[in-house]
Amino acid sequence: MNDRSAQRLAMLQEALASGGTLHLRDAAELCGVSEMTIRRDVTTQPSAISLLGGRLVMASYPGVTPVYDLTEQQASHYQIKHRLCQRVASFIEEGDTLFIDCGSTLIPLLSQLSHFRELTVVTYALNVANSVAALPNVRLVLLGGLFYASSQSFGSDGMRAAIERLGINKALISAAGVDCERGVSCFHFHEVAPKQAAIATAMQRLLVVDSSKFGLVRPAYFASLADFDVVVTDDERAPDLLDRYPLASLNVTVA
């Protein structure tokens, strides 16, 4: 952490010490920097401050529960997610049909798909579809339904059956929480059906998570670690963590 970032975080922590919240715009004005700078300070540096729905709050503030915000997630751990996606790309083969999950973790992968001559991407995420649609070498299958703006994704009663009718080579799955005993989870219940269908259908299942997700449990459970063939993460301690879960066939690869 550089000195200026540390000074800004200390100033914000002092402003929040008495409780309550601080709007991102007001925090930027207080520190004399842009909102993007404040967002980067809070999401990339170790701090007792959380950014929830455009407002800063102390992580210990009573009644605070995690809220998923895709914009905030995209700014969080971006360099780590880029390395994870470089590792994921090494698993992809020419002609593959890929299920690409929603969220921010797999977004850096999309620019690497142009290196292949022919791929098919199946997704229920609008931000994934928008990026893939510009690639002439990729055939896009977008699964529609009711749109959920918070995660830029769709949900429908028929999505599970639609996925099960497809031949998927690799399912690339992201998560908001990974716990060795309580499984793999996410924030949104509409994501459970497509994730589970892709896991059940795909020939190979890859869980792609940065190390900040380990030890967390989110509201919507969708899989056990035993349901995956590969875990791609950035923490060298992850194999030791997963050793507590008795899986002989789980491959943990560290980017």
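I take a polar contact to be a pair of N or O atoms within 3.5 Å, where one must be able to donate a hydrogen and the other to accept it. With that in hand, I open the notebook on this predicted model.

**Entry 1: S153**

I began with S153, which sits in strand β8. The side chains of S153 and S151 form a polar contact of 2.6 Å. I then found a polar contact of 2.8 Å between the side chains of S153 and H190. Buried or exposed, I asked of S153? S153 has 0% relative accessibility, so I log it as buried.

Next I listed what S153 touches, leaving aside its neighbours within four places in sequence. The list holds C102, Y124, A125, L126, L146, F147, Y148 and H190. H190 thus turns up both in this list and in the 2.8 Å polar contact.

**Entry 2: Q152**

I moved to Q152, in the loop between β7 (146-148) and β8 (153-155). Its backbone caught my eye. Q152 is not a glycine, yet its phi is positive, at about 55°. I checked the accessibility of Q152 too. The value is 25%, so Q152 counts as partly exposed. The cut-off for buried is under 20%.

**Entry 3: K213**

Where is K213? I located K213 in the loop between β12 (204-208) and β13 (220-223). This lysine has 9% relative accessibility, so I put it down as buried. What does the K213 side chain pair with? I found a polar contact of 2.6 Å to the side chain of D210. Beyond neighbours within four places in sequence, K213 is in contact with A175, A176, G177 and V178.

**Entry 4: α1 against α3**

I turned to helix packing. Helix α1 covers residues 3-16 and helix α3 covers residues 35-44. Their axes lie 10 Å apart, and the packing angle is about 90°. The pair is therefore roughly perpendicular; the range for that label is 65 to 115 degrees.

I noted the residues that meet. From α1 they are S5, R8, L9 and L12; from α3 they are T37, I38, D41 and V42. By class, I get 4 nonpolar, 2 polar and 2 charged residues in the contact of α1 with α3.

**Entry 5: α2 against α3**

I ran the same lookup on helix α2, residues 24-31. The axes of α2 and α3 come within 8 Å and cross at roughly 100°. That makes α2 roughly perpendicular to α3.

Which residues of α2 and α3 meet? On the α2 side I have L24, R25, A27, A28 and C31. On the α3 side I have E35, I38 and R39. The contact of α2 with α3 has 5 nonpolar and 3 charged residues, with no polar ones. I38 appears in the contact with α2 and also in the contact with α1.

**Entry 6: the whole chain**

I closed with totals. How many helices and strands does the chain have? I count 9 helices and 15 strands. The chain has 255 residues, and 50% of them are buried. S153 and K213 are both in the buried class.

I also looked at contact range. Of the contacts between residues at least 6 apart in sequence, 58% join residues at least 24 apart. Last came surface. The chain exposes about 12100 Å², and carbon and sulfur atoms supply 49% of that area.

Notes: Residues are numbered from 1 along each chain as its sequence is written. This is a predicted model: local features need pLDDT of at least 70, side-chain atom pairs count only at pLDDT 80 or more; totals for chains, interfaces and linings use all residues. Side-chain values use heavy atoms; hydrogens and water are left out. Helices (H or I, at least four residues) and strands (E, at least two) are DSSP runs, numbered from the N terminus. Buried means under 20% relative accessible area, exposed over 50%, partly exposed in between (1.4 Å probe, protein chains only). Contact means heavy atoms within 4.5 Å. Axes are lines fitted to C-alpha atoms, for helices over the stretch in contact, and angles run from 0 to 180 degrees between N-to-C directions. Angles under 35 degrees count as roughly parallel, over 145 as roughly antiparallel, 65 to 115 as roughly perpendicular and the rest as oblique. Ala, Val, Leu, Ile, Met, Phe, Trp, Tyr, Cys and Pro count as nonpolar, Asp, Glu, Lys and Arg as charged, and the others, Gly among them, as polar. Accessible areas come from the Shrake-Rupley method with a 1.4 Å probe; for residues, only the protein chains shown count as cover.
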